[in-house]
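Hi,

Here is the structure I said I'd pass on. Have a look at it, and then read on for what turned up.

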Amino acid sequence: MFNEIEKHNHEEVVFCSDKASGLRAIIAIHDTTLGPAIGGTRMWNYSGEEEALKDALRLSRQMTYKAAVTGLNLGGGKAIIMGDPKKDKSELLFRTFGKFVNGLGGRYITAEDVGTDVKDMEYVRMETKHVTGISKALGGSGNPSTVTAFGVFVGMKASAHKKWGSDSLKGKKIAIQGVGSVGRYLAEYLYAEGSELFITDIDNDKISSALHTIKAHVVSPEEIYDIDCDIFSPNALGSVVNDETIPRLKCEIIAGGANSQLDDEEKHGKILKEKGILFAPDYVINAGGLINVANELEGYRQDRAMKQAEAIYDILQNIYSISERENISTISAANHIAEERLNKIGKMKHIYSANNK
Ligand code: NAD
């Protein structure tokens, strides 16, 4: 276990257990160089502790990079609660979890994630102030998906500009995988822009609901990889860009809100570059959600969050320039920017403490 924790320099991993509530949770703090570690709480039916720890370590590290590349003064963390979100939720469970978060004294700030929602975070809020993503009625920012989708839309425009010399997505064929919270809002932005949409989802209700506000060709979940399109937009699962799907993709750009889209970052990032497919690094283009909750820490205003999410355009342009200049994949370019900032600010802290001896 310690080898796993040390592999990517995680600062701290907390195991939370409470018999009365049935809570079994892991809070992973990856890096607090830039500020307190922020990241959502994922509730999932993990097969065991090993899988749960692996997920917490992987996701918290990704948060460090996301905050660093977006220019936020925040570190990376993530919590996981082992359990079935459909059966095992209770007020007691989330309040108990809130006590553990509180015990970290602000080193970790939580939020909602897969399997948890605004209501759960309100129970956490009863025990700690170190939580974001609570409802607008309680002064929070509510569901972050609108801002995430807006950031993805802006990021698609930056990618279009790089690839085709124009921001316009009018008439572009865009294949959207998943029309849940993020995918649906994104589809609405694109529909208003005049894009031709192909959508898929494993949940037919989500498709029907999306078709209330947009017109789109509906395709099966398997077909989505074979669509002759300009942009493939993953907004459902991770690892969908892999050895099996890459040869099928006919797009020129991959840009979507899903986390961890590349099955193997290094290998598949490189292959996409060689094939001339522009990949918008997932943790950058979907940073709108983080920008939204970070905003809540300063007193939430959606107009300000939207304005800040527009920065994703320039951040991606910079990543694309570095990728071209250094002849590296776009995901490597994003990682370099994040690591450079972390190293510089880490050094600054070092000088400060040395001067104060
Ligand atoms: P969601 O659960 O609301 O939507 C996901 C949708 O994908 C669902 O409708 C689901 O039925 C569908 N889906 C699942 N498997 C599928 C498959 N094989 N083919 C087609 N559709 C499938 O989740 P969301 O909040 O919209 O998040 C989507 C992705 O974006 C996730 O990877 C999430 O981690 C990431 N993300 C979300 C936010 C946010 O603000 N919500 C922020 C950053 C990243």
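Before the ligand site, one bit of vocabulary: a residue is near a molecule if one of its heavy atoms lies within 4 Å of it. Also keep in mind that this is a predicted model.

On to the ligand. The shell around it is made of 19 residues, and the closest are T148, S181, V182, D201 and N259. Three of those five come with a polar distance to a ligand oxygen. For D201, a side-chain N or O atom sits 2.6 Å from an oxygen of the ligand. T148 also uses its side chain, with an N or O atom 2.7 Å from a ligand oxygen. With S181 it is a backbone N or O atom, 2.9 Å from an oxygen atom of the ligand. On its own the ligand has 820 Å² of accessible area, and the protein covers 77% of that. Two helices, α5 (145-164) and α6 (181-193), are the elements that give two or more residues to the shell. Sorted by class, the shell has seven nonpolar, nine polar and three charged residues.

Now the cysteines. How many disulfides does a search of the whole structure find? Zero. Take C229: its closest cysteine sulfur is in C251, 5.1 Å away, and since a disulfide needs the two sulfur atoms within 2.5 Å, that is too far for a bond. C229 counts as buried, because its relative accessibility is 7% and the cut-off for buried is under 20%. C16 is buried too, at a relative accessible area of 2%.

Cheers

Notes: Residues are numbered from 1 along each chain as its sequence is written. This is a predicted model: local features need pLDDT of at least 70, side-chain atom pairs count only at pLDDT 80 or more; totals for chains, interfaces and linings use all residues. Side-chain values use heavy atoms; hydrogens and water are left out. A polar contact is a pair of N or O atoms within 3.5 Å; within protein, one must be able to donate a hydrogen and the other to accept it, and residues adjacent in sequence count only if both atoms are side-chain atoms. Accessible areas come from the Shrake-Rupley method with a 1.4 Å probe; for residues, only the protein chains shown count as cover. Helices (H or I, at least four residues) and strands (E, at least two) are DSSP runs, numbered from the N terminus. Ala, Val, Leu, Ile, Met, Phe, Trp, Tyr, Cys and Pro count as nonpolar, Asp, Glu, Lys and Arg as charged, and the others, Gly among them, as polar. Buried means under 20% relative accessible area, exposed over 50%, partly exposed in between (1.4 Å probe, protein chains only).
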